[in-house]
Amino acid sequence: MGIGYIISLSITAVLIFIIMAIAIPMDKKYIVRENRKINFKKTTIYLRWNVFDTMTVCVAAYTIICVQVLNVLIMNGATIENPWVQFFTNQAQAWVIVTVAYFATRVSLTLKCIKAQLGDRHDVD
């Protein structure tokens, strides 16, 4: 395993720790749970922009930068033997997966919250 991969894994671990340090307290403070299930009627954090959304935009921007730097390195003839190519390849892959997974989860939770908030109004026909 190259030095670029090792450094990339270390940085990924640090960034995930920071993300979890923000997400876990936010979840405990703003998410209303009853019987271990989210009560979407009382939880309104999914209906507004929050710190985690801002952080996700920053991670997405970081991912775009990693991919663009990787493109420049490849266009200039760098190969996988280059530690920078190893680093940016790993970073781009990891953070694309994290960003897409969060986006899908966020959309799903937001739709569930909207349905719970508007559910009583649309049931009358």
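The exercises below, each with a worked solution, concern salt bridges, backbone angles and a surface patch in a predicted model. Residues are numbered from 1 along each chain as its sequence is written, and side-chain values use heavy atoms, with hydrogens and water left out. Because the model is predicted, local features need pLDDT of at least 70 and side-chain atom pairs count only at pLDDT 80 or more, while totals for chains, interfaces and linings use all residues.

**Exercise 1.** Determine how many salt bridges the structure holds, and describe the partners of each.

*Solution.* Begin with the criterion, which asks for a side-chain nitrogen of Lys or Arg within 4 Å of a carboxyl oxygen of Asp or Glu. By this criterion the structure holds 2 salt bridges.

Next, take the bridge between Lys-42 and Glu-34, in which the closest N and O atoms are 2.8 Å apart. To describe its surroundings, use the relative accessible area, found with a 1.4 Å probe on protein chains only, where buried means under 20%, exposed means over 50%, and partly exposed lies in between. Lys-42 is exposed at 52%, whereas Glu-34 is partly exposed at 37%.

Then turn to the side chains of Arg-106 and Asp-53, which meet in a salt bridge with an N to O distance of 2.8 Å. This pair links distant parts of the chain, since Arg-106 belongs to helix H3 (residues 83-122) and Asp-53 to helix H2 (residues 51-75), 53 residues apart. Both Arg-106 and Asp-53 are buried. Helices (H or I, at least four residues) and strands (E, at least two) are DSSP runs, numbered from the N terminus.

**Exercise 2.** Find where Asn-35 lies, and decide whether Asn-35 is buried or exposed.

*Solution.* First locate Asn-35 in the loop between strand S1 (33-34) and strand S2 (37-38). Arg-36 also has its place in the loop between S1 and S2.

Now consider the backbone: most residues other than glycine have a negative phi. Asn-35, however, has a positive phi of about 55°, and Arg-36 has a positive phi of about 65°.

Finally, check the accessibility: Asn-35 is exposed, with a relative accessible area of 78%, and Arg-36 is exposed as well, at 81%.

**Exercise 3.** Identify the residues that form a nonpolar patch on the surface.

*Solution.* Patches are made of residues with over 30% relative accessible area and no salt bridge, where like charges are joined within 9 Å and nonpolar side chains (Val, Leu, Ile, Met, Phe, Trp, Tyr) within 5 Å. Here the patch is formed by Met-1, Ile-3, Ile-6, Ile-7, Leu-9 and Ile-11, with about 590 Å² of accessible area together, from the Shrake-Rupley method with a 1.4 Å probe, where for residues only the protein chains shown count as cover. As a last step, look at Ile-7, which lies in helix H1 (residues 3-30) and is partly exposed at 42%.
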